[in-house]
Amino acid sequence: MLGLVKGLAITLKNMTKPRVTHRYPDEPLPMPDRFRGIQHFDPEKCIVCNQCARICPTDCITLTGKKNPDPEKKGKVIDTYDINFETCILCDLCTEVCPTEAVVMTNNYELAVYSRDELFKNLEWLHANNTHIRSENSMNLLPGGKKQ
Amino acid sequence: MQVSMVLGPVLLMLVVLLFVTYAILFERKVLGWIQNRPGPNRVGPWGLLQTVADVLKLLIKEDVVPRKADASLFKFAPVIAFVPAFAVLAVIPFTDTLKFSDFAVGLLYYMAISSITIIGIMAGSWASNNKYALLGGMRSAAQMISYEIPLVMSVVGIIMTVGSLNLEEIVRAQKDVWFIFPQFVGFIVFLIASVSELNRTPFDLPEAESELVAGYFVEYSGFRFAFFMLAEYVYVFAMASLTTVLFLGGWNAPFGLTFIPPIIWFAVKFVAIVFFLFWLRGTMPRIRVDQLMQFAWKVLLPLAIFNIFLTALFKELPVIGNWY
């Protein structure tokens, strides 16, 4: 019989304890540095070597290059770069294999949208996704010479 | 026929609906606090419109009547369950002026009318033409009938002391000493049995979702389901009022603090009981069905009878008899 009263006392005391919940949508959770979030893409560094598209286990990366507009220079420049986040498993292989670190991981993870079409992220979107980049990658200068 | 005869019940209905709306919110908030989380806080400031949004969602849901169900009874059952819940409020004296009727047998009326809800639940579960609903309905009926007996027995001590079934006279008899003190055993039995009558944790077997897929209202959706829920919460209102009236002195002020209006005193005691119900829900796990039945018949009923015996004995003793 006394156990019931004890239990009631515990729950009553619990009411004054601080919350253990996060105010998630209002205050986004900071992720650890090695978290694999949505990629950031820097078109200036890309040499169109296609390695990211080839290693991608789910074939979610598609890219096209074109001839360098400067006739003096050799090689290609990136024309379109798309990641399909319907199938992307955020495995980090594309960023591991990239020789110039043109594609790197960020800590951003907000991908909820109302339409599946919106999950198809293009070059401009990935370039604009330039916050919370992994610190080891942000040693490299971002466009504009900024450090992350 | 006076205007107040029509307006009064309408006003009471609005008050009860407001109570139900915010009791549900308050319950979820209390459960949240107990579990160290904020509870509903998305809809409206402090989540104040959460229940409104929930009810709106219930109302726009598809109203399903199973093809092989007894359609007319299926539709009528929520009404049978709800009407007694509201009708019992007629005899509750909120203060000595704010009341609807001065019944000579108010307590009897309450106990008799409130048991009609069981018929609504049984009718609903049977008319669903679903084995699980029927099982859930049978269990509900067994539980509610079993606990009605200790519930009524536990207030016999009060009736013996006051010598009346009139709820107003019962309140007036508590001017000096509330019945919670001389009738403590009766109070405990009444409280436990009333929690069971309300189908609330730890006695919420009628909606034991793990074994019964939600019990007697499996087949109910939308508005009709809302009616069962409404009946349940209106009973919380009614039972908390009755507990206040029977054991906590109704509108009587303790320690001579009569400058605070009686309706406030009633509300304070009422809210304390309602909070206790929510607090209990945050504490207790659900009880097993065989334990439930054994508890009613082997513990509560003997205790209630013992209380009657004790009251009769104390009534005859010289000094203590003044309290009885």
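**Cavities, pocket and chain architecture of the predicted model**

By class, the residues that line the largest cavity comprise 10 nonpolar, four polar and three charged residues. The structure examined here is a predicted model, and the values reported for this cavity, as for the other features below, are computed from its atoms. The largest cavity has a volume of about 170 Å³, and its lining is formed by 17 residues, among which Thr117(B), Met144(B), Glu197(B), Asn199(B) and Tyr235(B) lie nearest the centre of the cavity. At least two lining residues are supplied by each of three helices of chain B, namely α5 (116-127), α6 (131-154) and α11, with the largest share of the lining, five residues, coming from α11(B).

The count of enclosed spaces of 30 Å³ or more comes to six cavities. The second largest cavity holds about 90 Å³ of space and is lined by 15 residues, with Cys46(A), Cys49(A), Cys52(A), Cys98(A) and Ala102(A) nearest its centre. The lining of this second largest cavity divides into 12 nonpolar and three polar residues, with no charged residue, whereas the lining of the largest cavity includes three charged residues.

Open spaces were considered separately from the enclosed ones. The largest pocket has a volume of about 850 Å³. Of the 32 residues that line the largest pocket, Ile24(B), Thr51(B), Val55(B), Met229(B) and Tyr233(B) are the closest to its centre. The elements that give two or more residues to this lining are α1 (3-34), α2 (50-59) and α11 (222-247), which belong to chain B. Within the lining of the largest pocket, the largest share, nine residues, is contributed by α1(B). Divided by class, the pocket lining contains 18 nonpolar, four polar and 10 charged residues. Helix α11 of chain B thus gives two or more residues to the lining of the largest pocket and also supplies the largest share of the lining of the largest cavity.

Turning to the architecture of the chains, chain B has 13 helices and zero strands. The radius of gyration of chain B is 20 Å, close to the 20 Å that the globule rule gives for 324 residues, so chain B is as compact as a globular protein of that length. Along the principal axes, the C-alpha trace of chain B spans about 65 × 50 × 45 Å. Buried residues account for 51% of the 324 residues in this chain, and of the contacts in chain B between residues at least 6 apart in sequence, 76% join residues at least 24 apart. The area exposed by chain B is about 15100 Å², of which 72% is supplied by carbon and sulfur atoms.

One residue of chain B, Pro254(B), was examined individually. Pro254(B) is found in the loop that lies between α11 and α12 (262-283) of chain B. The relative accessibility of Pro254(B) is 15%, and Pro254(B) therefore counts as buried, the cut-off being under 20%. When residues up to four places away in sequence are not counted, Pro254(B) touches Trp178(B) and Trp265(B). Pro254(B) and Val177(B), which are 77 residues apart in sequence, are 9.0 Å apart in space from C-alpha to C-alpha.

Chain A, by contrast with the strand-free chain B, has four helices and five strands. From the N terminus on, the elements of chain A follow the order α-β-α-β-β-α-β-β-α. The radius of gyration of chain A is 22 Å, well over the 15 Å that the globule rule gives for 148 residues, so chain A is more spread out than a compact globule. The C-alpha atoms of chain A fill a box of roughly 90 × 30 × 25 Å when taken along the principal axes. Of the 148 residues in chain A, buried residues make up 32%, and among the contacts in chain A with a separation of 6 or more, 70% are accounted for by residues 24 or more positions apart. Chain A exposes about 9800 Å², and carbon and sulfur atoms supply 56% of this area.

Definitions and conventions:
Residues are numbered from 1 along each chain as its sequence is written. Chains are lettered from A and ligands numbered from 1 in the order in which they are written. This is a predicted model: local features need pLDDT of at least 70, side-chain atom pairs count only at pLDDT 80 or more; totals for chains, interfaces and linings use all residues. Side-chain values use heavy atoms; hydrogens and water are left out. On a 1 Å grid over the protein atoms alone, a cavity is a set of points where a 1.4 Å probe fits but cannot get out, and a pocket is an open set with protein on both sides within 12 Å along at least five of seven lines; lining residues have an atom within 4 Å of a point. Grid points are joined across faces, edges and corners, and a volume is the space filled by probe spheres set on the points. Ala, Val, Leu, Ile, Met, Phe, Trp, Tyr, Cys and Pro count as nonpolar, Asp, Glu, Lys and Arg as charged, and the others, Gly among them, as polar. The radius of gyration is taken over C-alpha atoms; the globule rule is 2.2 Å times the number of residues to the power 0.38. Buried means under 20% relative accessible area, exposed over 50%, partly exposed in between (1.4 Å probe, protein chains only). Contact means heavy atoms within 4.5 Å. Accessible areas come from the Shrake-Rupley method with a 1.4 Å probe; for residues, only the protein chains shown count as cover.
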